Amino acid sequence: MQLEQIEQALQAPVMDAVIALSERVQTLEDNPRGRIYTAYRAIDQTLSLGYSNNIDAISEQLRERDFAMVASRRGTRREQRLLLLTLKEIGIANSYSENCFSASSNTLSHLRHLGWPLGNLLQNADVTKTRKRFNPGR
C-alpha cells in the first residue's frame, strides 16, 4: 500500500515536468531563432539578461548602451521570465531596470547554477570559492 501512495505522490510532479518539457520543445520549434543572452557593461559592472528573436538587432541596441554581448544560447521567453522570477525570489535585486543586475560574484554564481549563458564572465570573475579538502590523515 505504501508503494501506491508513493506512486500517486509522484504523478503530479512528473506530469508537471512532462508538460514543461513539451512546452519548451514547442516554443523552441515555434521560435527557432529565439535566444536568451547575457550582456555586460564594464563601466558600472552591470549585467543585462534577456531574450530576443533577433539577436543581431538586440546586440546593436545593447552596444548603443555600452553593453557587450557576452554569451547567448537558444532559449525561450519563458526561460527568461522564470529566471527573473527566481532571482527575485532568492533575493537578488535588479538595478535600474527589470533585466539589469549587478555583476557581483553572488549573482554570477546563481546564474551559473541556473544554467544561464555567461561565456567568459565566469573566467574573469572570482565566483568559485576555494574549498579546503578533507584530509582524514590530519
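**Reading a fold, one feature at a time**

Guide: Let's start with a single pair: Tyr40 has Leu47 as its bridge partner in β2. Keep in mind as we go that this is a predicted model.

Visitor: Thanks! How many bridges do β1 and β2 form when they pair?

Guide: There are 7 bridges between β1 and β2, and the pairing is antiparallel. On another side of the story, β1 (residues 35–41) also pairs with β3, again in the antiparallel sense, over 6 bridges. Two residue pairs show this: Tyr37 has Ser72 as its bridge partner in β3, and Arg35 has Arg74 there.

Visitor: What is the order of the strands in the sheet?

Guide: The sheet is open and has 4 strands in the order β3-β1-β2-β4, with antiparallel pairing. Its edge strands are β3 (68–74) and β4 (100–102), each of which pairs on one side only. From one strand to the next, the twist averages 20 degrees.

Visitor: How should I think about the side chains in a strand?

Guide: Here is the general idea: in a regular strand, side chains alternate between the two faces of the sheet. Now for the case of β1: 5 of its 7 residues are buried, so the strand is largely enclosed by the rest of the structure.

Visitor: Let me step back. How many helices and strands does the protein chain have?

Guide: The protein chain has 5 helices and 4 strands. Reading from the N terminus, the elements follow the order α-β-β-α-β-α-β-α-α. Of the 138 residues in the chain, 30% are buried.

Visitor: And how much surface does the protein chain expose?

Guide: About 9900 Å² is exposed, and carbon and sulfur atoms supply 50% of that. For contacts, look along the sequence: among those with a separation of 6 or more, 62% are between residues 24 or more positions apart.

Visitor: Now the helices. How do I read the faces of one?

Guide: The general idea is that an α-helix has 3.6 residues a turn, so residues three or four places apart point the same way. Try this on α2 (55–64). The buried residues of α2 are Ile55, Ile58, Ser59 and Leu62. Looking down the axis of α2, you find these buried residues within an arc of 105 degrees, so they line one face of the helix.

Visitor: Which residues are exposed on the other side of α2?

Guide: Asp56 and Glu64 are exposed there.

Visitor: What covers the buried residues of α2?

Guide: The cover includes the strands β1, β2 and β3.

Visitor: Can we repeat the exercise on α3? Which residues of α3 are buried?

Guide: Happily! They are Glu79, Gln80, Leu83, Leu84 and Leu87. Down the axis of α3, its buried residues fall within an arc of 135 degrees, so here too they line one face of the helix. The face turned away from that buried side carries Lys88 and Glu89, which are exposed.

Visitor: How far does α3 reach from its first C-alpha to its last?

Guide: Helix α3 (residues 77–89) has 13 residues and spans 18 Å, close to the 18 Å expected at 1.5 Å a residue.

Visitor: Which strands does helix α4 lie across?

Guide: Helix α4 (residues 105–113) lies across β2 (46–52) and β4. The helix runs at about 30 degrees to β2.

Visitor: Let's look at backbone angles. Which residue with a positive phi follows α3?

Guide: That residue is Gly91, with a phi near 90 degrees. There are also cases outside glycine. Just after α2, Asp66 takes a positive phi of about 70 degrees, and Asp66 is not a glycine. Asp66 sits in the loop between α2 and β3.

Visitor: Is Asp66 buried or exposed?

Guide: Asp66 is exposed, with a relative accessible area of 58%.

Visitor: Where is Gln45 placed?

Guide: Gln45 is in the loop between β1 and β2. These strands form a hairpin with 4 residues between them, in which Gln45 has a positive phi near 50 degrees, although Gln45 is not a glycine. Gln45 is partly exposed, with a relative accessible area of 47%.

Visitor: That brings me back to the hairpin strands we started with!

Guide: Well spotted: find Leu47 in β2 and its partner Tyr40 in your view, then trace the sheet order β3-β1-β2-β4 for yourself.

Conventions. Residues numbered from 1 in each chain as written. Predicted model: local features only at pLDDT ≥ 70, side-chain atom pairs only at ≥ 80, totals over all residues. Heavy atoms only, no water. Buried < 20%, exposed > 50% of the residue type's maximum accessible area, 1.4 Å probe, protein only. Contact = heavy atoms within 4.5 Å. Areas by Shrake-Rupley, 256 points an atom, 1.4 Å probe, with all protein chains shown as cover. Expected span 1.5 Å × (residues − 1). Arc of directions from axis to C-beta. Pairing = 2+ DSSP bridges. Axes fitted to C-alpha atoms, helices over the stretch in contact; angles between N-to-C directions.
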